[in-house]
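Good morning, everyone. Please have the structure open while I talk, and follow along.

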Amino acid sequence: RAMPDVAAISDNDEGETEKESSEPGQDASNMNESDAANKADSNASNRDASVELKNGSSEQVDKGGTTTSQEGKDQEPPKPIDKLYNCRWKNGTVQTARIVERRLAPDGRSWEYYLHYEDYDRRLDEWVPSDRVGEEVVKQRSNDDHRSSLDSVQKMTRTQKRKFDEINTTLPGDVDPTTAALEHEREQATKVKNIQEIEMGVYEMDTWYYSPYPEEFSKCSKLYLCEFCLKYFRKAKTLDRHKAKCEWRHPPGDEIYRDGNISMFEVDGKKAKIYCQSLCLLSKLFLD
């Protein structure tokens with residue numbers, strides 16, 4: 001008599017199992033419908049969300065279809081690169097300069113420009129604020145200027161050809177494409193000074209050219225150097241702590257010449273590798 005009851009229970013369990021197994025499919029279809037509804041709501045909300053434009057402004061579109069625009073009124077438009085402008089120099093005179101690079105100022109609203117002054121050496125290139133950059137200069141070259149420039153080039157070539165041949169073993173036209181590409185890449189990487197000034201001992205010096213300092217130091221406009229071991233630091237207080245521990249009072253080499261209070265030392269690069277590397281980085285700030 002107990003056997004039919006067990007069979008009945010088994011049948012009921014199978015039925016419940018089949019019923020339960022059919023319910024997940026319904027839940028999945030319900031979930032798909034729910035996902036589709038959520039996706040539609042998300043699309044609708046995205047249409048109502050603010051849209052960032054390329055110029056930094058934003059648009060707010062509400063459900064009524066009205067649009068409110070918030071322009072970046074505080075941020076001034078940047079000037080194009082590789083254009084000539086009148087620029088006010090440090091002494092107050094106006095010079096013609098070419099924009100080499102640009103960056104946002106610390107305030108986030110104005111721009112700073114890296115300028116190369118026409119007819120001057122690259123050592124005078126500098127970052128200037130936007131208020132020192134004036135109107136764009138458009139130069140039109142006349143035929144007389146072109147003829148005089150050609151004459152000067154020919155004259156310079158005749159007078160300096162012998163010296164050029166002595167210094168350069170290959171002519172500019174004979175340079176292979178790989179060397180030319182590497183030279184162009186080097187010029188692009190070093191066209192902007194990374195260190196603007198250094199402090200060494202009691203002296204502050206404006207730098208002239210790019211030097212391949214490590215990246216964490218290249219982002220500093222000013223470097224602090226120990227005048228004895230030539231180690232470089234980003235902050236003055238770090239240099240002060242180093243000075244309290246630095247025991248050097250002359251370069252790590254042999255003194256080979258002395259005249260009054262001036263001495264010359266011979267340093268072995270194998271024995272003082274770090275010192276020589278620091279010396280090369282320092283000298284590159286003033287050598288092109």
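Start at methionine 264. It sits in strand S14, residues 262-266. One caution before we go on: this model is predicted.

Is methionine 264 buried, exposed or partly exposed? Its relative accessible area is 47%. Buried means under 20%, and exposed means over 50%. So methionine 264 counts as partly exposed. It also has company. Together with Ile256 and Tyr257, Met264 forms a nonpolar patch on the surface. The accessible area of the three together is about 320 Å².

Now look at the partner strand. S14 pairs with strand S13, residues 254-259. The sense is antiparallel, and there are five bridges. Follow one position across: aspartate 254 stands opposite glutamate 266 in S14. S13 and S14 make a hairpin, with two residues between the strands. Find glycine 260 in that hairpin. Its phi is positive, near 70 degrees.

Next, an open sheet. Four strands build it, in the order S10-S9-S11-S12. The pairing is mixed. Which strands are at the edges? They are S10, residues 203-206, and S12, residues 232-233. Each of these pairs on one side only. Zoom in on S12. It pairs with strand S11, residues 222-225, in the antiparallel sense, over two bridges. One partnership to find on screen: tyrosine 224 has phenylalanine 233 in S12 as its bridge partner.

A helix comes next: H6, residues 273-284. Let's check its length. H6 has twelve residues, and at 1.5 Å a residue it should span 16 Å. The expected span uses one less than the number of residues. In the model, the end C-alpha atoms of H6 are 17 Å apart, which agrees. Which residues of H6 are buried? They are Tyr275, Cys276, Ser278, Leu281 and Leu282. And what covers them? The cover includes strand S9, residues 197-200, along with S11 and S12. We met those strands a moment ago, in the open sheet.

On to charges. How many salt bridges does the structure hold? Ten. I'll show you three.

First on my list is aspartate 82 with arginine 98. Their closest N and O atoms are 3.4 Å apart. This pair links distant parts of the chain. Aspartate 82 is in the loop between strand S3, residues 67-70, and strand S4, residues 84-88. Arginine 98 is in strand S5. The two are 16 residues apart. As for cover, arginine 98 is partly exposed, because its relative accessible area is 26%.

Now take lysine 90 and glutamate 126. Here the closest N and O atoms are 3.6 Å apart. Lysine 90 lies in the loop between S4 and S5, and glutamate 126 lies in strand S7, residues 126-129, so this salt bridge ties together parts 36 residues apart in sequence. Are the two ends buried or exposed? Lysine 90 has 64% relative accessibility, so it counts as exposed. Glutamate 126 has 9%, so it counts as buried.

Then there is arginine 103 with glutamate 112. The closest N and O atoms of this pair are 2.8 Å apart. Arginine 103 is partly exposed, at 39%. Glutamate 112 is buried, at 18%. Salt bridges can also share partners: Asp82, Arg98 and Glu118 are joined into one network that way.

Last stop: glutamine 95. It is in strand S5, residues 94-104. Why does glutamine 95 count as buried? Its relative accessibility is 18%, and the cut-off for buried is under 20%. What does it touch? Leave out residues up to four places away in sequence, and glutamine 95 touches Tyr85, Asn86, Cys87, Trp89, Tyr117 and Tyr120.

Let's follow one of those contacts, Tyr120. Tyrosine 120 is in the loop between strand S6, residues 111-117, and S7. At 34% relative accessibility, it counts as partly exposed. Setting aside its neighbours within four places in sequence, tyrosine 120 is in contact with Trp89 and Gln95. One more pair to locate: tyrosine 120 and alanine 97. They are 23 residues apart in sequence. In space they are 9.5 Å apart, C-alpha to C-alpha.

That's my tour. Thank you.

Terms used
Residues numbered from 1 in each chain as written. Predicted model: local features only at pLDDT ≥ 70, side-chain atom pairs only at ≥ 80, totals over all residues. Heavy atoms only, no water. Buried < 20%, exposed > 50% of the residue type's maximum accessible area, 1.4 Å probe, protein only. Contact = heavy atoms within 4.5 Å. Patch = residues over 30% accessible without salt bridge, like charges linked within 9 Å, V, L, I, M, F, W, Y side chains within 5 Å. Areas by Shrake-Rupley, 256 points an atom, 1.4 Å probe, with all protein chains shown as cover. Salt bridge = Lys/Arg side-chain N within 4 Å of Asp/Glu carboxyl O. Pairing = 2+ DSSP bridges.
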